[in-house]
Amino acid sequence: MEFALSEEQEILSDSVKKMLSENIDIDLLRNHSKGDEGIRENIREIVVEMGLPGILISEEYGGSGLGILEASLIAEEFGRYAVPTPWIGNSVMAPTALAFKKGNNLAEKWLPLIASGEITACVALTEAVGKRSNTGLELNNSKVSGTSIFAIDGELNPRIIITAVDQELILIDTENTGVTICEIPTIDSTRPVVEIIFDSVDIEIIPGGEKAIQKTINVGRVLLAADILGASSNMIEKAVEYSLERKQFNRVIGSFQAVKHMCAEMAADLEPCRSLLWYAAYAQDNIDEEADLLSCHAKAHLSEIGQDVARVSTQVFGGMGFTDLLGMHYWFKRIGLSRQILGGPEKVRQEAAKIQGFLS
Amino acid sequence: MDLNAGPEYVSFRKEVTNFLSENIHMAGKARTPVRPSKQELEWQKKLIDKGYAARTIPQEYGGFGADSDVLKSRIIAEEFSQSSIPLGMANQGISMLVPTLLELGTDEQKKSWISKTISGEVIWCQGYSEPGSGSDLASLQTKAVDDGDDFVVNGQKIWTSGAQMSDMMFCLVRTEPDAPKHKGISYLLIDMKTPGIEVRPLMTMTGHAEFNEVFFTDVRVPKSQIVGKRGEGWYVANATLTHERGMLGDPNQSATRLKEIIDLMQEETFNGEKLIDNPVYLDRLMKLQARVLSMSFNSLRLLTASHKKSDAKMAKLIVKLNGCQLNHDLAGFAIDLLGELGTIYGKSNHDHGSGKWQWKFMFDLGLIIGGGTAQIQKNIISESGLGMPREPKPILEGKK
């Protein structure tokens, strides 16, 4: 037994971090939030060049055949740099859905295109977790109609959309007529989410039924938790850095115990989350009977701790934390979005209770 | 990352569970500081013979002498915790003194003390804190003066758990009054029966005296009873403080407590409804379960790190702070589950076992404070873990 990252995993994580540190800074996030769409294309190209979209996809389809833990390490770095590019839906949830039953036609057709970066895949499972009024999909004569909101990775003209209706995963080729995609303006400008309106669109069923839906949601939740972990780590790191530069009363503010203890509390809360996340990610591929429960706990717990870290680290910056000048709010807001999508903490904890047979 | 247990470990787990099911009736229950009963001494011996206690302590010192094996230690801890049985005796002699002697003791000291300590024959107490030296432990004033073959000790210790039933004390004393505060301390092993030692129980908020004050008046301690060199006691003690912080905030204890709480929720009703069916309580339970799991996975990380002899850094620094707070919160939740019945602390027809939870709730607050206060833990985390500076010394106006 070994509960630690392997050398290969460390190298993967370091190389992604290096790539991101060379290509992404606060000005880029700012320009992206002002609507410079060229940025999305550029970042996407770099991510494809590194082979990241194929991380989970098996080698026969041109991917690298790694697991959810590796994907989570990448998500952590994407969270750390607040990367504006498709990841969780396109590179993790969609491949998980398509590969749930080995060797099906849809997997053979689409996985190589996702791995090579020729297409992006959008995932619309919000309603499978819980429906709001005026949303939801219906199937009539093998055609889908209705609205799905907060779909993930729909910003770069996705070629396929994966969603669920009547306890089946379905795939929609957006070259068919009747699909309208528009971005939903949320607090988080670094990671667009979209609304999709289907008007009697042809579908294909991805084999696997409810179990495939659950597994796809599970990995999405683990990956969102990983994104929160990275974003929170960055906020603590930046807060500590700032506290060692900023002086008041002729001292760096990081020498005041009031400030030190805020930072220590954040670190003490966040560090066990890393262990929880590693275990949850590992369980998705290796411990079937714990996969559902651990994805719930990882999502809910990181959402809670992430929110605390986002608040307290902003406070460490004092007034500057509240301004746009340092841009810490990009992470504050990214954590805020991750907390709510695919189930907020209360919803996910309720599922965790049900999984253990506590709620009928 | 590989949590798969090989066949060797599957059969090892079976061995442990078999042992527990066959011998559970012999297990000692008490972990509080009372002198171990004959039954507990026998149980301890059985555990050492099987390698479930004193597992990695060399055989020549009375241990089981196994190589360090992260997964086996984990399996033992898990199975004992599942059965709600203490993993052998837990006292400061075993958890703090023995590791210190193994690291820094002389051959003579190892032979004299380790075997008797792990068997429970010799019980130790810790003499560190003083009334004027709590968080600033290195300012301690109990002095030991060189006099022929002995040191002569005078002063006072506080927060000495189990002093009234201990045979020996490992104790910090000032031997070099002129040296800087960290360099004037020595680490002595003191026989509690030596004339001049007086133990006074210290009543706490729990209504019990879990701690004592110990007074020293001209207590003679042979010079051979020093661990490490004269003036190096601070560094000797720091080796054991690390062990203490590992012991306080033990995640297996939290896991056991969570299991007891789930049992409680399944048994207790309120307005005819089982507590486990109440969604508000369940939400709280799930929050606590996530924390318990996080700390338990964190301990897997620490086990792996210690096995690889690498520094677990932050994952290690946060254990005492988080673990003690978590145990306190678990006890607090159990009390809330019982509502008004949760306040019963004594004999009553309406008692649903709240006394145990109330005691834990209060005693754990003591543990949040003891063994390095939460405030001091946060200083350590921010300084050693995050690289933040020490608070500068204030300039005292009006003094020299």
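How many of the 20 residues of helix 10 of chain B are buried? The legend to Figure 1 takes up that question; please keep in mind throughout that this is a predicted model.

**Figure 1. Helix 10 of chain B is mostly covered.** Of the 20 residues in this helix, 17 are buried. Its length also fits expectation: 20 residues at 1.5 Å a residue should span 28 Å, and the end C-alpha atoms of helix 10 of chain B are 29 Å apart, which agrees. Follow the chain just past the helix and you meet G339(B), which takes a positive phi of about 60°.

**Figure 2. Chain A and chain B meet in a contact that buries about 4100 Å².** Chain B brings 45 residues to this contact and chain A brings 46 residues. Carbon and sulfur atoms make up 67% of the buried area. On the chain B side, M1(B), F297(B) and R301(B) lose the most area to chain A, together 20% of what that side buries. It is worth having these three residues in view before turning to the polar side of the contact.

**Figure 3. Salt bridges and polar contacts join chain B to chain A.** There are 6 salt bridges between the two chains. One pairing across the contact is that of R251(A) with E391(B), whose side chains meet in a salt bridge at 3.7 Å, N to O. Residue pairs in polar contact between the chains number 19, counting those with both residues at pLDDT 80 or more. The elements of chain B that give two or more residues to the side touching chain A include helix 3 (70-82), helix 7 (251-267) and helix 8 (279-307). Helix 10 (319-338) of chain B, already met in Figure 1, is also among them. Helix 8 of chain B gives the most, with 16 residues. By class, this side of chain B has 23 nonpolar, 11 polar and 11 charged residues.

**Figure 4. A network of salt bridges takes in residues of both chains.** From chain A come E76(A), E77(A), R80(A), E237(A), E271(A) and R274(A), and from chain B comes R301(B). R301(B) is also one of the residues of chain B that lose the most area to chain A. Side chains of opposite charge can pair when their charged atoms come close. Over all chains, the structure holds 45 salt bridges.

**Figure 5. N234(A) is buried in helix 8 of chain A.** The helix runs over residues 209-243, and N234(A) has a relative accessible area of 3%, so it counts as buried. Leaving aside residues up to four places away in sequence, N234(A) touches R80(A), M328(A) and W331(A). R80(A) belongs to the network of Figure 4, while W331(A) is one of the buried residues of helix 12 of chain A.

**Figure 6. Helix 12 of chain A has a length close to the expected one.** Its 12 residues, 329-340, reach 17 Å from first C-alpha to last, close to the 16 Å expected at 1.5 Å a residue. Among its buried residues are H329(A), Y330(A), R334(A) and I335(A). After the helix comes L342(A), with a positive phi near 60°.

**Figure 7. R191(A) and D227(A) form a buried salt bridge.** Their closest N and O atoms are 3.8 Å apart. R191(A) lies in the loop between strand 6 (179-184) and strand 7 (193-202) of chain A, and D227(A) lies in helix 8 of chain A, so the pair ties together parts that are 36 residues apart in sequence. Relative accessible area is 8% for R191(A) and 3% for D227(A).

**Figure 8. Two salt bridges within chain B link partners at different places along the chain.** D49(B) and K45(B) meet at 3.1 Å, N to O; both lie in helix 2 (residues 38-50) of chain B, 4 residues apart, about one turn of the helix. K45(B) is exposed, at 53% relative accessible area. R220(B) and D147(B) meet at 2.7 Å, N to O. This pair links distant parts of the chain, with R220(B) in strand 7 and D147(B) in strand 2 of chain B, 73 residues apart. R220(B) is partly exposed at 38%, and D147(B) is partly exposed at 37%.

Technical notes
Residues are numbered from 1 along each chain as its sequence is written. Chains are lettered from A and ligands numbered from 1 in the order in which they are written. This is a predicted model: local features need pLDDT of at least 70, side-chain atom pairs count only at pLDDT 80 or more; totals for chains, interfaces and linings use all residues. Side-chain values use heavy atoms; hydrogens and water are left out. Contact means heavy atoms within 4.5 Å. Buried area is the accessible area (1.4 Å probe) that two parts lose on being put together, summed over both. A polar contact is a pair of N or O atoms within 3.5 Å; within protein, one must be able to donate a hydrogen and the other to accept it, and residues adjacent in sequence count only if both atoms are side-chain atoms. Ala, Val, Leu, Ile, Met, Phe, Trp, Tyr, Cys and Pro count as nonpolar, Asp, Glu, Lys and Arg as charged, and the others, Gly among them, as polar. The expected span of a helix is 1.5 Å times one less than its number of residues. Buried means under 20% relative accessible area, exposed over 50%, partly exposed in between (1.4 Å probe, protein chains only).
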